[in-house]
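Colleague: Could you take me through a close look at one part of this model, the largest pocket, and at what can be said of the elements that line it?

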Amino acid sequence: VENDLNETKLLKYIGIKCVCFLKFDMDGDGKINQDEMKEALKSLLGEKLKKGELEEILKELDINSDGNIDFEGERLRLCRNTFF
């Protein structure tokens, strides 16, 4: 029973991540670039970030240092098929 609960929590987390990613990936290229992240954070926080905050957030989330937040292609495809 405990494994089922952990699996359910994981699936909910992945689902939330998918929906959020797809919402903020405005051009649908499978990546969230700096401009998209800026707009996403502005809409979430209701205010502009201070100078350097956006770059700091992107640096932390940009796993492969290409300047974007990526969601692996296969997972993104699964999300689109599941939620949209």
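Modeller: What follows starts with the pocket and then turns to single residues of two of the elements that line it. The model is a predicted one, and every value below is computed from it. The largest pocket has a volume of about 470 Å³, and of the 21 residues in its lining, Lys17, Phe21, Ile32, Leu61 and Ile69 are the closest to its centre. Two or more lining residues are given by each of H1, helix H2 (34–45), H3 and strand E2 (69–70), and among these contributions the largest share, five residues, belongs to H1.

Helix H1 spans residues 2–24 and includes Leu10, a residue that also belongs, together with Tyr13 and Ile14, to a nonpolar surface patch of about 310 Å². Leu10 has a relative accessible area of 47% and is therefore classed as partly exposed, since that class lies between the limits of 20% for buried and 50% for exposed.

Helix H3, covering residues 53–61, holds Ile57, which is likewise partly exposed, because its relative accessible area is 30%. Leaving aside residues up to four places away in sequence, Ile57 touches Leu41 and Leu49. As for Met37, a residue 20 places from Ile57 along the chain, the C-alpha atoms of the two are separated by 9.2 Å.

Methods. Residues numbered from 1 in each chain as written. Predicted model: local features only at pLDDT ≥ 70, side-chain atom pairs only at ≥ 80, totals over all residues. Heavy atoms only, no water. Patch = residues over 30% accessible without salt bridge, like charges linked within 9 Å, V, L, I, M, F, W, Y side chains within 5 Å. Areas by Shrake-Rupley, 256 points an atom, 1.4 Å probe, with all protein chains shown as cover. Salt bridge = Lys/Arg side-chain N within 4 Å of Asp/Glu carboxyl O. Helix = DSSP H or I, 4+ residues; strand = E, 2+ residues; numbered from the N terminus. Buried < 20%, exposed > 50% of the residue type's maximum accessible area, 1.4 Å probe, protein only. Contact = heavy atoms within 4.5 Å. 1 Å grid on protein atoms, 1.4 Å probe; cavity = no way out; pocket = protein on both sides within 12 Å on 5 of 7 lines; lining within 4 Å. Points joined across faces, edges and corners; volume = space filled by probe spheres on them.
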